[in-house]
Amino acid sequence: MSSPASPSSAASVPDDVLDVRSIGFTPIKGTRHQSQPAASFDEHGPVGDRRYCLVDTETRQVLRTVQHPSLVAVAAALHGAQLEVTLPDGRSVCAVPEPSGEVLTCDYWSRPVEAELTQGPHDALLSAWLGKPVRLAHVPRGDVVFGEPITIVTTASIRDLGERVGHPDLLAEAARFRATLLVETDVPYQEETWNGREMTFGESRIRVGGPIPRCAVMDLHPVTGARGSRLLKSLAAYRPRNEAGEPHFGVYGQVVGRTRSSKVTATGFAPIANRPA
């Protein structure tokens, strides 16, 4: 695996090519955001991203990280059709989530989601961890994505925020921002000048969109889920905000084509480590 790209190396990258440092996502909505050694992309984003979610069947709500921060401590990974779930205490299961045949219409940020409940050992493990009964559900791709299928955060912007809050190692905790793509740049917030541009990474081509409004999830430790950071408040003090008062950090993107294959491997990328607390 290659070493992380240095700021000076980004200058040699063509203007329409994103210098991607790592790719990240999770197969279960709200669980730990992890660097991926390889990923395939289509119009819905990375294949496998948020394939599943957790549902409170009594209230018919899709669980959200901001309300259930302990989800961040749960590591999930796909191995073919099998879904592995690991808790911080070492307990884990790995099995194929089998369809139960039951579909519930659930609420996700005030929009309906058709969630197909599964059956298997995941429910018991995750219910025990969360302290409430939950069900693992399969959802149509993109249905439990708040904004666009791809989010982009840049190294220069994270470094700038880290310097402002006295956290020089913030880049090592880039998973706080749960970005699909971490992109190497020299200039903080340069990504906001890309709005509307089509750019390439790996074999995929994306159209860069508008800024991402941020919530308190970024204040959760990216491995333990513990609250404690004041990043959101710090961002709100100097960044543009939307009508709801949410500060902007990073930008959205949509896959609009591919140059050859949609497969992107870790060759040339250096994923940020998911460091324990």
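These legends go with a handful of close-up views of a predicted model.

**View 1. Three strands make an open antiparallel sheet.**
The order here is S7-S8-S9. Strand S7 (75–79) and S9 sit at the edges, and each pairs on one side only. On average, neighbouring strands in this sheet are turned by 10° against each other, if you ignore direction. S7 and S8 run antiparallel and share five bridges. For a spot to zoom in on, try Leu78, which stands opposite Leu83 in S8.

**View 2. S8 and S9 form a hairpin.**
Strand S8 (residues 82–86) and S9 are antiparallel, and four bridges join them. Five residues lie between the two strands. Check the backbone at Gly90 in that turn: its phi is positive, at about 95°. Across the pair, Glu84 faces Cys94 in S9.

**View 3. Strand S9 has a covered face and an uncovered face.**
In a regular strand, side chains alternate between the two faces of the sheet. Which residues of S9 (residues 92–95) are on the covered face? Those are Val93 and Ala95, while Ser92 and Cys94 make up the uncovered one. Cys94 counts as partly exposed because its relative accessibility is 36%, between the 20% and 50% cut-offs.

**View 4. Cys53 is buried and has no disulfide partner.**
Why is there no bond between Cys53 and Cys106? A disulfide is a covalent bond between the sulfur atoms of two cysteines. The cut-off used here is a pair of cysteine sulfur atoms within 2.5 Å. The closest cysteine sulfur to that of Cys53 belongs to Cys106 and is 6.9 Å away, so the gap is too far for a bond. By this rule, the model has zero disulfides. As for its surroundings, Cys53 is buried, with a relative accessible area of 0%.

**View 5. Seven strands form an open sheet with mixed pairing.**
Reading across, the order is S2-S1-S14-S13-S17-S16-S15. The edges are strand S2 (34–35) and strand S15 (198–201), each of which pairs on one side only. At the S2 end, strand S1 (residues 20–25) and S2 pair in the antiparallel sense over two bridges. Gly24 has Ser35 in S2 as its bridge partner.

**View 6. Helix H2 lies across four strands.**
Where does helix H2 (residues 155–164) lie? H2 lies across S1, strand S13 (150–154), strand S14 (181–183) and strand S17 (248–258). Relative to S13, the helix runs at about 55°.

Methods: Residues numbered from 1 in each chain as written. Predicted model: local features only at pLDDT ≥ 70, side-chain atom pairs only at ≥ 80, totals over all residues. Heavy atoms only, no water. Buried < 20%, exposed > 50% of the residue type's maximum accessible area, 1.4 Å probe, protein only. Pairing = 2+ DSSP bridges. Contact = heavy atoms within 4.5 Å. Axes fitted to C-alpha atoms, helices over the stretch in contact; angles between N-to-C directions.
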